Amino acid sequence: MPQIPLHYVDLRTFCYATEDQKRVEQALRTFLPEEFEIDRTESEGHYGDRILVLSTRLEKADDVRYVLSRLADLETYETLIDELDERVTENTELFLRLDKQAAFEGDVRLGEGITFRGKVEAYPAKKEQAVENAEEVLTRLRDEK
């Protein structure tokens, strides 16, 4: 894949007090290149419980390419491509929610638990152009698999 039309990809998940931090981190690492740094921020829930926010931003083309290659493992990949108009915002951001439990097991599925946000390159910076660029890269990725 010669060019990646994404400026960056943000991945974020929460580790609640009832969850094992190492397992949640392992789920997030399903989408990351090896030894990639994860930021940790402690927060507090409504009832005073501890919530650990695990997040990372991938900006290098090879790192973004890696995350996208993991998305290509989605069983519902064609549906994802068909839904791009609903998943890309007016600010040219692509949003997905990924299944944290499936990711812990090494699988890639849409679901709850991990938020994917990618800033799609678009010139001019319009939603329509961003959808077109996202569709192009995801289709190219599918064809390479």
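## Helix 1 and its packing

Contact here means heavy atoms within 4.5 Å. In this predicted model, the buried residues of helix 1 pack by that criterion against strand 1 (6-16), strand 2, strand 3, helix 5 (100-104) and strand 5 (113-120). The residues concerned are V24, E25, A27 and L28, each of which is buried in helix 1. Viewed down the helix axis, these buried residues fall within an arc of 155°, so they line one face of helix 1.

At the start of helix 1, D20 makes a polar contact: one of its side-chain oxygens comes to within 2.8 Å of the backbone nitrogen of K22.

## Helix 2

Helix 2 spans residues 61-71, and its buried residues are D63, V64, V67, L68, R70 and L71. Their directions, seen down the axis of helix 2, lie within an arc of 155°, so here too the buried residues line one face of the helix. The elements covering them include strand 1, strand 3, helix 3 (77-82), strand 4 (93-99), strand 5 and helix 6 (127-144).

## The hairpin of strands 2 and 3

Strand 2 and strand 3 run antiparallel and are joined by six bridges. One of the paired positions is E44, whose bridge partner in strand 3 is R50. The two strands form a hairpin with five residues between them. Within the turn, G48 has a positive phi of about 85°.

## Two buried threonines

T56 belongs to strand 3 (residues 50-58). The relative accessible area of T56 is 5%, and because buried means under 20%, T56 counts as buried. The side chain of T56 reaches the backbone oxygen of E37 at 3.0 Å. Leaving aside residues up to four places away in sequence, T56 touches V9, D10, L11, L32, F36 and E37; E37 is thus both a contact of T56 and the residue whose backbone oxygen its side chain reaches.

T30 is located in the loop between helix 1 (21-29) and strand 2 (39-44). With a relative accessibility of 11%, T30 is likewise classed as buried. A polar atom of the T30 side chain lies 2.5 Å from the backbone oxygen of A103. With residues up to four places away in sequence not counted, the contacts of T30 are Y66, R70, A103, F104, G106 and D107. Among them, R70 is also one of the buried residues of helix 2.

## Aromatic rings

A pair of aromatic rings is described by the distance of the centres and the angle of the planes. The structure holds one aromatic pair. F14 and Y16 form this pair, with 6.1 Å from centre to centre and 45° between the planes. The arrangement is tilted, because planes under 30 degrees apart would count as stacked and those over 60 as edge-to-face. Both rings belong to partly exposed residues: F14 has a relative accessible area of 29%, and Y16 has a relative accessibility of 36%.

A further ring is involved with a charged side chain. R57 lies over the face of Y8, at 3.7 Å from the ring centre.

## Q101 and L74

Q101 is found in helix 5 and is partly exposed, at 47% relative accessibility. Q101 and L74 are separated by 27 residues in sequence, and their C-alpha atoms are 14 Å apart in space.

Notes:
Residues numbered from 1 in each chain as written. Predicted model: local features only at pLDDT ≥ 70, side-chain atom pairs only at ≥ 80, totals over all residues. Heavy atoms only, no water. Phe/Tyr/Trp six-rings, centres within 6.5 Å; stacked < 30°, edge-to-face > 60°. Buried < 20%, exposed > 50% of the residue type's maximum accessible area, 1.4 Å probe, protein only. Lys NZ or Arg CZ within 6 Å of the ring centre and 35° of its normal. Helix = DSSP H or I, 4+ residues; strand = E, 2+ residues; numbered from the N terminus. Polar contact = N/O pair within 3.5 Å; in protein donor to acceptor, adjacent residues only side chain to side chain. Arc of directions from axis to C-beta. Pairing = 2+ DSSP bridges.
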